[in-house]
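Got your viewer open? Here's a short tour, one selection at a time.

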Amino acid sequence: MKQKVRPMETFMGAMFFACGIIAIAFVLFISLYLIVSGLPAIWEIGIVDFLFGTKWASTAAEPKFGILPFILTSIYGTCGAILIGVPIGFMTSVYLAKIASPKMASIVRPAVDLLAGIPSVVYGLIGMMVLVPAVREAFNLPDGASLFCAIIVLAIMILPSIISVSETALKAVPHEYEEASLALGATQIETIFKVSAPAASSGIAAAVVLGIGRAIGEAMAIMMVAGNVANMPSLFSSVRFLTTAVASEMAYASGLQRQALYSIALVLFVFIMIINVALNTLLKKKED
Amino acid sequence: MPTIIEAKNLDLWYGQKQALKKINLEIPERQITALIGPSGCGKSTFLRTIDRMNDLVPGVRVEGQMLYAGEDVYSPSVDVTWLRRKIGMVFQKANPFPMSIYDNIAYGPRIHGTRKKSELDEIVEKSLRGAALWDEVKDRLKKSAMGLSGGQQQRLCIARALAVQPDVLLMDESTSALDPGSTMRIEELMRELKKDYTVVIVTHNMQQAARISDRTAFFLLGEMVEVGPTDKIFSTPEDKRTEDYISGRFG
């Protein structure tokens, strides 16, 4: 029998292919655009002065374009958020995956999902109205807006992704491992920490990396609670992140200042790329 | 032989469904007792009641007594971690942890507080020798246990159970997923083990029960129909249902 020509099949195939290509096209376009528009300022300022300069004064008579304060703020802020968010997120995922009764889990899990759905400007707003004044009172500061507040807000914002990815990893641990541990006389907690968590370690690591990615890319919420001043970071001073540096000056920047902002975006982009590669490597390792 | 485990009027329910009905069974020390019967007859449930692994099943309820060394394992004063240490279990599917061979064996002793490397080394070697695995793995103790063959993995699980120095070893169809060669090695091992341990096996394989056990208990529909010396159960059973089962009329 002669093979039938099905034009609809061919057409739909081409459509799906085109949709797939769109994603790649955007990634390529953004990468190229950032590289092309980010490199000139780095070239003009000098890569060492740009990356390791400690002073950012973009509108001064004699402008300085050192972004080390932003880089360090982003790194410290992210590390701080991870330090607080990962233990809490991990414990929550253990609770949901292993300990909670089905009824409790059905209350906690939607709450966690809801946390993921709250827009970042709302986090920023509540941080501004509640957290910043509280920190000012508690630590007797002239201004509560600080790296510390940003870390707290970021820690909460990364919780949902850490919780849901680690919970999935913990649930995927074969029940036989846990049974074997319990049958040897281990308690439930010993079993979770010595068998389940190690067996889920690559998934938990992926959760941490995902959290890092979210934290380093966040702009709006932390702009509202961190004070947004280009200081070298310390815990209780106002600081500016890589993301917020771009966001806060772009509206009025021109000339070299504007180009330097593109360069900051490029640096941020490189960070995110490194994190994504790390995440993919971890996930691949998990599949093996 | 003195009795080490004794069920007295033991009932067990999973939710509304009664899985064990008034079981009375004595298990003598340092012998192999085989529990046989068709699927769903309660033999595995009974085995898991001895070391309270059934506690993990939601909605399980036990009445009557399960005595280990004269003490009811369901009495509130019994520490279940102690119980499971004294009564080891080997499962149907070999379930080594995704760790090295050494860490698999050392897991139990570490949990129970042994920290010294020299002591752990000694336990690991002794347990692996006890499970007839030492010669095959002594050069790769630090390698992952997942790289062993199915039969080796199952012997590793036996070694892991021995490492916490139990009195009793429960084996839940522990050879059903293995090839005949591996099965034979584990049966030989069971004969060795009964010199030092009480062994209780659940098996689907009547020939296996006939080959290696000293006593056999026949379960049917949640009841323990008949128990006795293995030769007697397989040659002149008293109950008609036992006779039908061992002659292959059902099951």
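In which sense do strand β1 (residues 3-14) of chain B and strand β2 (residues 17-28) of chain B pair, and over how many bridges? Select both and take a look: this is a predicted model, and in it β1(B) and β2(B) run antiparallel, paired over eight bridges.

Now click on Glu6(B). Its bridge partner in β2(B) is Glu26(B), so to speak a glutamate facing a glutamate across the pair.

Next, go to the turn. β1(B) and β2(B) make a hairpin, with two residues between them. Pick Gly15(B) in that turn and check its backbone: phi is positive there, at about 60°.

Keep β1(B) selected and add strand β4 (residues 60-68) of chain B. These two also pair in the antiparallel sense, over eight bridges. To find your place, select Tyr14(B), which stands opposite Val60(B) in β4(B).

Time to zoom out. Select residues 5-246 of chain B, where UniProt, in an unreviewed entry, puts the feature "domain: ABC transporter". Colour this span by secondary structure: 38% is helix and 27% is strand. Put a distance between its end C-alpha atoms and you should get 25 Å.

Last stop: chain A. Select helix α6, residues 147-171, which has 25 residues. From first C-alpha to last, α6(A) reaches 35 Å, close to the 36 Å expected at 1.5 Å a residue. Follow α6(A) along to Leu159(A), where there is a kink of about 35°, shortly before the proline Pro160(A). Then bring back the surroundings: α6(A) is mostly covered, with 23 of its 25 residues buried.

Key
Residues numbered from 1 in each chain as written. Chains lettered and ligands numbered in written order. Predicted model: local features only at pLDDT ≥ 70, side-chain atom pairs only at ≥ 80, totals over all residues. UniProt positions renumbered as here; feature names shortened; annotations may be inferred. Helix = DSSP H or I, 4+ residues; strand = E, 2+ residues; numbered from the N terminus. Expected span 1.5 Å × (residues − 1). Bend = angle between axes of the 7 residues up to and from the residue. Buried ≥ 20, exposed ≤ 12 C-beta atoms within 10 Å, placed from the backbone. Pairing = 2+ DSSP bridges.
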